[in-house]
Structures are given as C-alpha cells and as structure tokens.
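Subject: Structure handover

Hi,

Here is the structure I said I would pass on. Have a look at it first, and then read on for what turned up when I went through it.

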Amino acid sequence: MSETFTLVITGAPYSSQAPQTALGFAKAAVDAGHQIDRVFLYGDGVHLASALCAPPSDETYWPDEWSRFLTQHKIPGVACIASALRRGLVNETEQKRYELPSANLRAPFEIAGLGEWVEGRIKSTRTLYFHAGD
C-alpha cells in the first residue's frame, strides 16, 4: 500500500544530520513507490534553501542535493516565511518589500506560511519530522 508523506526539516545542514537523514528517507520512500507531498523547512531547517551556502569541495553540498531531488521528482519545497525572514533568507518579493540588497532563495524552494504545513498534514497519510536533536 502506497503512502504519502510530508517531511518537516527543522535542523540546518552542516550543524545537524536532519537534512541528510530526511533526504535518505525521501529517496528510499520514492524508490519504494511512496509519494512525498511536500518538504517543509522550519526553524534552522530553512538554511537548506539558501543559495549562499558554499561548503568545502570535499563535503556533500546538501542544498544542491535537495534541489536536484525536489526538481527531479516534482516535489514542492517550502521554507516557512517567519523562520526564513528571521534567518536572512528571502525571495525576490521579500527582498523588495524589505528593501534588501538581494534575494538568496535557492530554486526550487519557495517561501510560504504555516498553511503549507497544515495542508501537508491534511493531504498526507503521514507527517515526519527531522529535528536537529540535542
């Protein structure tokens, strides 16, 4: 029986395993015939959608890995607007609204409110959370 998942990532790449673990799960789920309805980034998880991340060349580039996966499987990636703004992540609309020098949201991610999280919870058979862990 196929399931539909909404994934919520609250841990930042390079300071937690949350994005890596979530991507491993997402790939395995898709390979097993399940569907990912959306990936919702909250708290420090929004750093995964930054176009300004530049890890050393010998490390996995997690934002790029996630962007490719989402694009390949046509899965929406959503960064919580409140979390994003607090952490300096903006799209072109927010850049203009706050008169900032540039936007730094990585495609295919978009910025939206908690309504996206609520909709994902309603539409999906399961919602899984990937936290930073302390």
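Let's start with helix 2, which runs over residues 62-73 of this predicted model. Helix 2 has twelve residues and spans 17 Å from the first C-alpha to the last, close to the 16 Å expected at 1.5 Å a residue. Which of its residues are buried? They are W62, P63, W66, S67, F69 and L70. These six sit on the same side of helix 2, because they cover an arc of only 165 degrees around the axis. That fits the usual pattern: an α-helix has 3.6 residues a turn, so residues three or four places apart point the same way. Turn to the other side of helix 2 and you will find T71 and Q72, which are exposed.

What lies over the buried residues of helix 2? The cover includes strand 1 (4-9), helix 1 (18-31), strand 2 (35-41) and strand 3 (77-80). Just after helix 2 comes K74, and its phi is positive, near 55 degrees.

Now for the aromatics. Searching the whole structure gives three aromatic pairs. One of them is F5 with F25, an edge-to-face pair with 5.1 Å from centre to centre and 90 degrees between the planes. This pair links distant parts of the chain, since F5 belongs to strand 1 and F25 to helix 1, 20 residues apart. How do the two partners compare in accessibility? F5 has 7% relative accessibility and so counts as buried, whereas F25, at 26%, counts as partly exposed.

Another pair takes us back to helix 2: W66 and F69 are also edge-to-face, at 5.9 Å centre to centre and with 90 degrees between the planes. About one helical turn separates W66 from F69, because they are three residues apart in helix 2. Both W66 and F69 are buried. There is an aromatic cluster as well, and its members are F5, F25 and F130.

On to the cysteines. How many disulfides does the search of the whole structure find? It finds zero. C53 is in no disulfide, and the nearest cysteine sulfur, that of C80, is 20 Å away. Seen from the C80 end, the closest cysteine sulfur is the one in C53, and 20 Å is too far for a bond, so C80 stays unpaired as well. C80 itself is buried, with a relative accessible area of 3%.

Salt bridges come last, and there are ten of them. I would look at the ones between strand 2 and helix 5. D37 forms a salt bridge with K123, and the closest N and O atoms are 3.5 Å apart. Here too distant parts of the chain are linked: D37 is in strand 2 and K123 in helix 5 (residues 115-123), 86 residues apart. Is D37 buried or exposed? It counts as buried, because its relative accessibility is 9%.

R38 in strand 2 has two partners to check. With E116 its side chain meets in a salt bridge of 2.6 Å, N to O. E116 lies in helix 5, 78 residues from R38, which is another link between distant parts of the chain. At 4% relative accessibility R38 counts as buried, while E116, at 22%, counts as partly exposed. The side chain of R38 also meets that of E119 in a salt bridge, this one at 3.3 Å, N to O. Since R38 lies in strand 2 and E119 in helix 5, the pair ties together parts that are 81 residues apart in sequence. E119 has 36% relative accessibility, so it counts as partly exposed.

Put these together and you get a network of salt bridges that links D37, R38, E116, E119 and K123. If you open the model at one spot, you could pick this network, where buried D37 and buried R38 are in strand 2.

Cheers

Terms used
Residues are numbered from 1 along each chain as its sequence is written. This is a predicted model: local features need pLDDT of at least 70, side-chain atom pairs count only at pLDDT 80 or more; totals for chains, interfaces and linings use all residues. Side-chain values use heavy atoms; hydrogens and water are left out. Helices (H or I, at least four residues) and strands (E, at least two) are DSSP runs, numbered from the N terminus. The expected span of a helix is 1.5 Å times one less than its number of residues. Buried means under 20% relative accessible area, exposed over 50%, partly exposed in between (1.4 Å probe, protein chains only). The arc is that of the directions from the helix axis to the C-beta atoms. Contact means heavy atoms within 4.5 Å. Rings of Phe, Tyr and Trp (its six-membered ring) pair if their centres lie within 6.5 Å; planes under 30 degrees apart count as stacked, over 60 as edge-to-face and the rest as tilted. A disulfide is a pair of cysteine sulfur atoms within 2.5 Å. A salt bridge is a side-chain nitrogen of Lys or Arg within 4 Å of a carboxyl oxygen of Asp or Glu.
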